[in-house]
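Biologist: Could you take a close look at one part of this model for me, the strand pairing and the charged side chains that go with it? A connected account would suit me better than a list.

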Amino acid sequence: MRSVALTLLAALVSASVGHGDVGEPPCLVPLGPPEGIGRWSDEAPILSDPEQGPVVSVPLAAGTSFRSLELPVEFGPFEEEDALQFWWRSEGEGLRSFYIKVRSAPLAGGMEAVYVVWEPQLGPPPTEWTFVRLPLRRPRWDDWGERPVLDRRYLTLRVSGDQQARGAVLLADLELFRPCVTLRPDPVPPGDYAETIGGTVHNRTDRPLAVELGTGDRLLQTIALLPNETRRWEAPNPVDRSTWEKARPLHRWSVPVWIRLTGHPQTQTSQEIVQMKGLQLAEHPRLLLNSEGIARLNERLETTPEGQRYREQLLRRAEERLEEPVILPPRGGNWWHYYTSPETGAALRTGRKIGEWQWEHIDPVTGKTYRGDPSNPATDYDGVVIAGVHNGWARAIRDLGLAYHVTGNAAYADKAREILLAYAEAYLSYPLHTIRGEPRIGGGRVGPQTLDEATWLIPVAQGADLIWSRLSESERNRLAERLFQPAVREVILPHKQGVHNIQCWKNSAIGLVGFLLGDLELIGEAIENPERGYRRQMEGGVSPDGVWWEGAWGVPFLHALGSLAAHRSGPKQRPEPLR
């Protein structure tokens with residue numbers, strides 16, 4: 001009976017959806033040209049193309065040309081998967097950029113959201129018809145326009161040309177894509193080999209659908225879905241076991257899995273299933289030093305003059321922190337580049353304290369005294385001093401952890417624990433802020449940049465590792481959930497910079513937290529991410545003669561060392577070019 005029922009359902013779905021022969025699927029809303037829910041401005045000529053039929057033409061000339069499409073209220077609001085899609089090509093020469101602007105509140109708060117269709121760094125503009133899909137919830141910019149507009153919806157084609165530009169940009173089959181089906185692969189935790197991959201598919205419509213599921217050019221299965229039905233799927237793992245076993249620890253495989261309505265390839269969407277081979281971690285401590293390193297350190301501190309001096313300085317700093325009450329700043333810090341005199345440009349000197357978290361700030365050239373203004377980042381001098389306080393507590397955690405292992409005095413470890421738990425309570429209360437005071441990606445909570453957040457977090461993680469064995473399970477969980485994971489996943493990871501010295505600092509923070517918490521996903525992100533991980537930094541950032549691509553001799557070398565610090569518990573064998 002079940003097989004008969006499934007056969008009947010499949011027949012019903014096929015009849016309902018069609019196989020490319022009748023009508024548009026419900027997930028595609030035509031916008032134009034010439035038919036659709038939108039109305040093009042009068043100056044947008046509709047031409048006829050032998051391949052695409054009706055197309056909109058935007059002249060390519062010196063300067064910038066616009067074509068606008070007025071849209072009704074049904075255009076929005078948008079869900080995460082909603083997108084614009086269309087075909088386009090260029091004629092002539094001199095194209096400088098092609099953007100699409102969308103105004104449709106609440107998108108971008110009523111400002112214009114701007115999407116890049118083509119820029120020169122993407123290669124030559126296409127002269128053959130090319131398909132593009134632009135996720136509406138992920139614009140390049142979301143703040144164009146003089147002010148928010150809440151009562152109008154429109155879309156504008158923005159084409160810029162150089163002084164010799166001539167020709168046109170042509171656009172066809174402009175549609176709003178609202179996926180009828182959502183694909184949710186099961187996450188694959190790092191570790192051992194899995195024989196199968198799987199997940200769910202969900203019909204978002206009130207009609208039956210026939211869908212195809214596949215990977216690469218392989219069709220894995222067809223699925224008949226009832227209205228609003230969610231069904232599980234499972235398929236053999238495209239990564240075979242022998243390949244898995246030969247790979248190094250932390251190697252990643254990204255398997256793209258796609259889904260589409262049967263007969264409608266333009267409805268295809270995909271999700272990546274990331275698999276990563278596991279890694280055996282050493283016992284704590286395992287970041288700055290392991291047990292063998294601690295033994296060697298103590299030997300040097302006792303037997304060498306420089307070691308004895310370092311031991312004396314370390315214990316003096318640790319003793320000072322033992323006597324100091326743990327009072328954290330009430331907010332995150334400001335950008336240290338702002339700590340300059342507005343008159344002479346000289347670096348300011350911090351004077352006497354004049355209030356709660358307020359100081360005098362002195363120009364060493366003129367002797368003039370300034371006061372900070374927290375409402376203006378450029379003159380928030382107190383915020384710069386506060387940043388130094390945060391960094392001082394971070395170094396103290398590491399110093400106290402080292403002092404504990406050098407002396408065996410548990411008081412040092414207990415003080416480090418006190419500071420860590422204070423940050424676990426305070427961290428999420430610090431607002432996200434950039435160097436301009438904006439609550440957006442690129443900023444930090446403790447510092448005004450992800451760079452500052454990473455350089456602060458590195459000694460915090462190293463110090464926590466040194467006393468990890470003295471923390472209770474609940475204290476470890478509190479630190480993970482309220483400090484380390486939010487700092488990495490919510491602040492640092494969303495800001496991506498490719499091959500860059502700042503990304504090296506961030507990789508080091510991400511990797512150290514991963515090793516501290518035993519989070520293989522974070523370790524893999526720091527080392528193996530193909531766009532910005534440690535291996536990519538070394539392959540793309542270090543020239544054959546050993547010079548970092550940004551040209552500076554000193555600083556990037558230290559950044560690279562910061563990334564290498566994440567390898568103390570990691571793979572010991574690296575390919576020859578990375579050694």
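Modeller: In this predicted model, strand 5 (residues 63–71) pairs with strand 10 (residues 153–177) in the antiparallel sense, over nine bridges. One of the residue pairs is Leu 71 of strand 5 with Arg 153, its bridge partner in strand 10. Strand 5 also runs antiparallel to strand 2 (residues 39–40), to which two bridges join it, and here Glu 70 is the bridge partner of Arg 39.

Glu 70 has a further role in the charge pairing, since its side chain forms a salt bridge with Arg 152, with the closest N and O atoms 2.5 Å apart. Because Glu 70 lies in strand 5 while Arg 152 lies in the loop between strand 9 (141–144) and strand 10, this pair ties together parts that are 82 residues apart in sequence. Both partners are partly exposed: the relative accessible area is 25% for Glu 70, and the relative accessibility is 37% for Arg 152.

Strand 10 takes part in another such link, in which the side chains of Arg 166 and Glu 93 meet in a salt bridge at 3.7 Å, N to O. Here too distant parts of the chain are linked, with Glu 93 in strand 6 (residues 83–103) and Arg 166 in strand 10, 73 residues apart. Glu 93, at 43% relative accessibility, counts as partly exposed.

These pairs belong to a set of 34 salt bridges found in a search of the whole structure, and the helices supply examples as well. Within helix 6, Glu 418 and Lys 415 lie three residues apart, about one turn of the helix, and their side chains meet in a salt bridge at 3.6 Å, N to O. Glu 418 is partly exposed at 38% relative accessibility, whereas Lys 415, at 8%, is buried.

A network of salt bridges also links Asp 414, Arg 417, Arg 470 and Glu 475. Of these, Glu 475 lies in helix 8 (residues 473–492) and counts as buried because its relative accessible area of 14% falls under the 20% cut-off. Beyond its neighbours up to four places away in sequence, Glu 475 touches Arg 417, Leu 421 and Arg 470, so two of its network partners, Arg 417 and Arg 470, appear among these contacts.

How values were computed
Residues numbered from 1 in each chain as written. Predicted model: local features only at pLDDT ≥ 70, side-chain atom pairs only at ≥ 80, totals over all residues. Heavy atoms only, no water. Helix = DSSP H or I, 4+ residues; strand = E, 2+ residues; numbered from the N terminus. Buried < 20%, exposed > 50% of the residue type's maximum accessible area, 1.4 Å probe, protein only. Contact = heavy atoms within 4.5 Å. Pairing = 2+ DSSP bridges. Salt bridge = Lys/Arg side-chain N within 4 Å of Asp/Glu carboxyl O.
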